[in-house]
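User: I would like to go through this structure with you, residue by residue at the start and then more broadly. Could you take my questions as they come?

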Amino acid sequence: MISFKRNSCWLLLALIFLTFAATPALSMDKYSITPFAGYYGFENDEYYSDTGIGGAALGYTLEDNWTIEGSYGFMRPRSTMEGTDANGHLLRAEVLYNIRYWDKFIPFIAAGGGGIFLDSNEYERSSAILSYGAGAKYFLTEDWAVRGDIRHILADNQRPTNQMLVTFGLTYFFGSPKTSIAVSSTSLIQPAEQKSTFIQEAAPAPDTPPLSSPKERPAAPLAPAATAQPTTVCAEIDVKFDFDKSAIKPAFTTELERFADFIKMHPSIHEVFINGHTDSTGPVEYNMGLSKRRAASVRDYLIQKSGLGAEKLSIQWFGPKDPVSPNTSKAGRAQNRRATAGVCVEE
């Protein structure tokens with residue numbers, strides 16, 4: 001019987017591992033790991049005292065709202081019958097539903113099952129369990145979040161018994177591959193790596209006379225004096241922002257000052273539209289406001305630091321609705337957290 005309990009423990013561990021090992025790797029931050037510590041409580045007549053617990057959970061995000069998770073916890077409850085400490089192992093596999101209404105704060109509900117295994121000097125016991133409860137994550141950055149959980153655990157111990165688990169942990173999200181960012185050649189705004197070449201000149205098209213037959217060809221006229229062809233010059237900005245931020249980073253101040261100088265040099269420019277954007281993380285309503293703040297931040301910088309007149313600058317905001325790169329990777333989301341503007345004039 002003891003051998004069977006030990007084997008069932010290792011079998012459950014293997015099933016949790018294979019659940020994640022067999023999952024196809026996708027391009028989002030699909031995986032998470034959460035070291036945790038907390039409290040585990042037994043019913044009064046279970047012959048074990050309440051104790052602390054520590055362990056780790058490994059999660060896989062199916063989509064923004066659904067996560068599957070396997071966890072292992074170790075504890076040392078005291079056996080009230082023997083007066084000695086027991087080794088306790090808690091294994092769970094759960095499904096989490098994430099309630100994505102706020103940007104950084106994400107509560108969730110959870111349900112699942114597993115087993116608890118207790119081993120003291122004279123006794124070994126194992127029980128199947130059902131667990132359900134709730135928790136919440138608060139994102140400190142795009143990759144790190146603090147997390148709290150509470151679970152009611154029903155253990156099948158010849159009769160159902162009630163146990164409680166309360167934990168706090170720190171979650172790290174990972175799994176984004178490095179992806180190349182494709183931008184259409186017809187787009188006015190260039191990717192950040194190019195730092196938006198400030199002025200582009202369009203070469204004038206050469207004069208090509210139409211083809212005609214020898215009988216229809218007139219006598220060659222005297223060559224006219226050369227006339228100047230107009231050229232088109234353009235300036236553009238592509239300002240990137242940190243996750244959930246609208247502050248201008250020092251790396252983009254030179255680009256903004258050159259853009260302001262270009263507008264000052266061309267009085268014919270009467271209005272410039274600054275466009276704010278976000279990635280797809282968080283609710284659309286929140287991201288619309290964030291994209292507006294980013295566009296306004298660029299406008300305010302151009303007015304206050306570069307001396308442009310406010311009457312020339314207008315802002316538009318699009319939230320996550322106009323991405324330049326897929327939001328399925330960390331690199332893609334970084335490209336989409338941006339504010340852009342571009343103008344062209346003929347000289």
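User: Is S297 buried or exposed?
Analyst: In this predicted model, S297 counts as buried because its relative accessible area is 17%, and the cut-off for buried is under 20%.

User: Where does S297 lie, and what does it touch beyond its sequence neighbours?
Analyst: S297 is part of helix α3. Residues up to four places away in sequence aside, S297 touches S246, A247 and I248.

User: Another serine, then. Where is S120, and is it buried or exposed?
Analyst: S120 sits in the loop that connects β5 (105-119) with β6 (124-139). Its relative accessibility is 8%, so S120 is classed as buried.

User: Which residues are in contact with S120?
Analyst: With neighbours within four places in sequence left aside, the contacts of S120 are Y48, E82 and A86. In addition, 6.4 Å separates the C-alpha atom of S120 from that of N87, and these two residues are 33 apart along the chain.

User: And D322: which loop is that in?
Analyst: D322 belongs to the loop between β12 and α4 (330-336). The residue is partly exposed, with a relative accessible area of 40%.

User: What does D322 contact?
Analyst: Apart from neighbours within four places in sequence, D322 is in contact with H277 and R338. The C-alpha atoms of D322 and D279 are 9.1 Å apart, with these positions 43 residues apart along the chain counted as their separation.

User: Change of topic: how many disulfides are there?
Analyst: The search of the whole structure gives 1 disulfide. This disulfide joins C234 to C344, with an S to S distance of 2.0 Å.

User: What is its handedness, and where do the two cysteines sit?
Analyst: The link of C234 and C344 is right-handed, with 110 degrees about the S-S bond. C234 lies in strand β10 and C344 in strand β13, 110 residues apart, and the pair thus links distant parts of the chain.

User: How accessible is C234, and how accessible is C344?
Analyst: C234 has a relative accessible area of 12% and is therefore buried. C344 has a relative accessibility of 42%, so this cysteine counts as partly exposed.

User: Now the interior. Which residues touch the most other members of the largest nonpolar core?
Analyst: That core has 26 residues, and F259, V272, I274, V298 and L302 touch the most other members. At least two core residues come from each of β10 (232-240), α2 (253-265), β11 (272-276), α3 (284-304), β12 (313-317) and β13 (338-346).

User: Take I274 from that group. What is it in contact with?
Analyst: Not counting neighbours within four places in sequence, I274 is in contact with A295, V298, R299, L302, L313, S314, I315, Q316, T340 and A341. There is also a second, separate core of 13 residues, and M75, L118, I129 and A155 are among them.

User: How many cavities of 30 Å³ or more does the search find?
Analyst: The search of the whole structure finds 2 cavities at that threshold of 30 Å³ or more. The largest cavity has a volume of about 90 Å³, and the second largest holds about 50 Å³ of space.

User: What lines the largest cavity?
Analyst: Its lining has 13 residues, and F36, R92, R147, D149 and T167 lie nearest the centre. β1 (31-41), β3 (66-75), β4 (87-98), β7 (144-157) and β8 (159-174) each supply at least two residues of this lining. By class, the lining of the largest cavity consists of 3 nonpolar, 4 polar and 6 charged residues.

User: And which residues line the second largest cavity?
Analyst: The second largest cavity is lined by D103, F243, D244, T278, D279, T281, N287, L290, R294 and R337. By class, 2 are nonpolar, 3 polar and 5 charged.

User: Lastly, the chain as a whole: how many helices and strands are there?
Analyst: The chain has 4 helices and 13 strands. Of its 347 residues, 41% are buried.

User: What share of the contacts joins residues at least 24 apart?
Analyst: The share is 66%, taken among contacts in the chain between residues at least 6 apart in sequence.

Methods
Residues are numbered from 1 along each chain as its sequence is written. This is a predicted model: local features need pLDDT of at least 70, side-chain atom pairs count only at pLDDT 80 or more; totals for chains, interfaces and linings use all residues. Side-chain values use heavy atoms; hydrogens and water are left out. A nonpolar core is a set of buried Ala, Val, Leu, Ile, Met, Phe, Trp, Tyr and Cys residues joined through side-chain atoms within 4.5 Å. Buried means under 20% relative accessible area, exposed over 50%, partly exposed in between (1.4 Å probe, protein chains only). Contact means heavy atoms within 4.5 Å. A disulfide is a pair of cysteine sulfur atoms within 2.5 Å. On a 1 Å grid over the protein atoms alone, a cavity is a set of points where a 1.4 Å probe fits but cannot get out, and a pocket is an open set with protein on both sides within 12 Å along at least five of seven lines; lining residues have an atom within 4 Å of a point. Grid points are joined across faces, edges and corners, and a volume is the space filled by probe spheres set on the points. Ala, Val, Leu, Ile, Met, Phe, Trp, Tyr, Cys and Pro count as nonpolar, Asp, Glu, Lys and Arg as charged, and the others, Gly among them, as polar.
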